[in-house]
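Please open the structure in a viewer and set the display to a cartoon representation. The stops below are arranged as a sequence of selections, each followed by an account of what is to be found there.

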Amino acid sequence: MMTELEQYYNKFNEEKRLNSRHGQVEFITSMKYIHQYLPEDKSAKILDVGAGTGRYSVALAEEGYDVTAVELVKYNLGILKQKNSSVKAYQGNALKLSRFPDKEFDMVLVFGPMYHLLTTVEKVTALKEARRVLKDNGVMLVAYCMNEYSILTYGFKQNHILECMENGKISEDFRVQPETSDLYDYVRLEDMDAYNEAAKLTRIKVISADGPSDYMRPVLNAMDEKTFEMFIQYHLTVCERPELVGAGSHTVDILRKTL
């Protein structure tokens, strides 16, 4: 039987999201930092855990990198494989990367799993597995969905805040409280710090992958190309600013092993 997550992604158009204006902001920003830590000679081996439909995997493979992708959802994996790229794609789980030996990859991307792993134990397990297959001098990029984004959008913008406070879905200090039936978890920066410490990972930097773009969907969609390009320039200039990290939809933690 399909899991709820599989049923969700069988209906959710991930390709459309990533190709939307707000999705482009996330992709362009994340790719900038991926390239910042990859060698220019294309010698790096990259593992994309939770690769989805291959938006990052295929793009990096087309640049000449040796890319391996792991994706849990068969539907997404099928779309990835249909792109006929050089990506080596497998069905698998972020919690168990036993297919791969220790210290195999120069870079590991974990851009999907943390959204859906609901417990600290699961998140730390995923980080430890990614750390295990990462070379000692390698770099890991881990994406999270952020707590304040959920509170501001689902809570206040969509007007669920009072019912969520009453039924315990949001705590008194405005933390989202996921249940086992939920598909998404939302975190704060201090949660990410705790996961990293438990998994023996050290932060290089943390960025807001999409900044305010998810809140600004209608505005971005109405922009002419020149103005949208200027917005991208602005976002790339400010995405490391600490006052902006955490309020966006997605945050990317850039990490090395603690040796």
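**The central sheet**

Begin by selecting the strands: seven of them form an open sheet of mixed pairing, in the order β3-β2-β1-β4-β5-β7-β6. The edges are taken by β3 (88-91) and β6 (201-208); each has a single partner strand, so one side of each lacks a neighbour in the sheet. From one strand to the next, the twist averages 15°. The model under inspection is a predicted one.

Next, select β1 (residues 45-49) together with β4 (residues 105-110). Four bridges join β1 and β4, and the pairing is parallel. To find the register, display L47, whose bridge partner in β4 is V108. In general, the strands of a sheet pair through backbone hydrogen bonds, either parallel or antiparallel.

**Strand β7 and its two partners**

Move along the sheet to β7 (residues 250-257). Is this strand enclosed or open to the surroundings? Seven of its eight residues are buried, so β7 is largely enclosed by the rest of the structure.

Add β5 (residues 134-145) to the selection: β5 and β7 run antiparallel and are joined by six bridges. Here C145 stands opposite H250 of β7. Then add β6, which pairs with β7 in the antiparallel sense over seven bridges. Within that pairing, K205 stands opposite I254 of β7.

**Helix α5 and the loop that follows**

Turn to the β3 edge of the sheet and select helix α5 (residues 74-82). This helix lies across β2 (66-71) and β3, and runs at about 165° to β3.

Continue into the loop between α5 and β3, where N84 is located. N84 has a positive phi of about 55°, although it is not a glycine. With a relative accessible area of 69%, N84 is exposed.

A second residue of interest for its backbone is K42, in the loop between α3 and β1. Its phi is near 65°, again a positive value in a residue other than glycine. K42 counts as partly exposed, at 33% relative accessibility.

**Helix α4**

Select helix α4, residues 55-62. Six of its eight residues are buried, so α4 is largely enclosed by the rest of the structure. The buried residues are Y56, S57, V58, A59, L60 and A61. To see their surroundings, display α3 (21-36), β1, β2 and β4, against which the buried residues of α4 pack.

What is the exposure of E62, which belongs to this helix? E62 is exposed, having a relative accessible area of 64%; the cut-off for that class is over 50%. Place a distance label between the C-alpha atoms of E62 and S86: they are 24 residues apart along the chain and separated by 7.7 Å. Just after α4, G64 takes a positive phi of about 110°.

**K123 in helix α7**

Select K123, which lies in helix α7. Is this lysine buried or exposed? K123 is buried, with a relative accessible area of 0%, where buried means under 20%. Leaving aside residues up to four places away in sequence, K123 touches M114, L117, L118, Y144, D185, V187 and Y195.

**The second largest pocket**

Keep D185 and Y195 displayed, and add R175, D185, Y186, D191 and Y195 as a group: of the 14 residues lining the second largest pocket, these lie nearest its centre. The space in this pocket amounts to about 160 Å³. Helices α7 (120-133) and α10 (189-199) each supply at least two residues of the lining. By character, the lining divides into six nonpolar, four polar and four charged residues.

**The cavity**

For the last stop, turn to enclosed space. Rolling a probe the size of a water molecule over the atoms shows where empty space is left. How many cavities of 30 Å³ or more are counted? The count comes to one. The volume of the largest cavity is about 30 Å³.

Select S208, G211, P212, H235, V238, C239 and L244, which line the largest cavity. Four of the lining residues are nonpolar and three are polar, with no charged residue in the lining. Finally, β6 may be shown again as a reference for this region: residues 201-208 form this edge strand of the sheet.

Terms used: Residues numbered from 1 in each chain as written. Predicted model: local features only at pLDDT ≥ 70, side-chain atom pairs only at ≥ 80, totals over all residues. Heavy atoms only, no water. Pairing = 2+ DSSP bridges. Axes fitted to C-alpha atoms, helices over the stretch in contact; angles between N-to-C directions. Contact = heavy atoms within 4.5 Å. Buried < 20%, exposed > 50% of the residue type's maximum accessible area, 1.4 Å probe, protein only. 1 Å grid on protein atoms, 1.4 Å probe; cavity = no way out; pocket = protein on both sides within 12 Å on 5 of 7 lines; lining within 4 Å. Points joined across faces, edges and corners; volume = space filled by probe spheres on them. Nonpolar A, V, L, I, M, F, W, Y, C, P; charged D, E, K, R; others polar.
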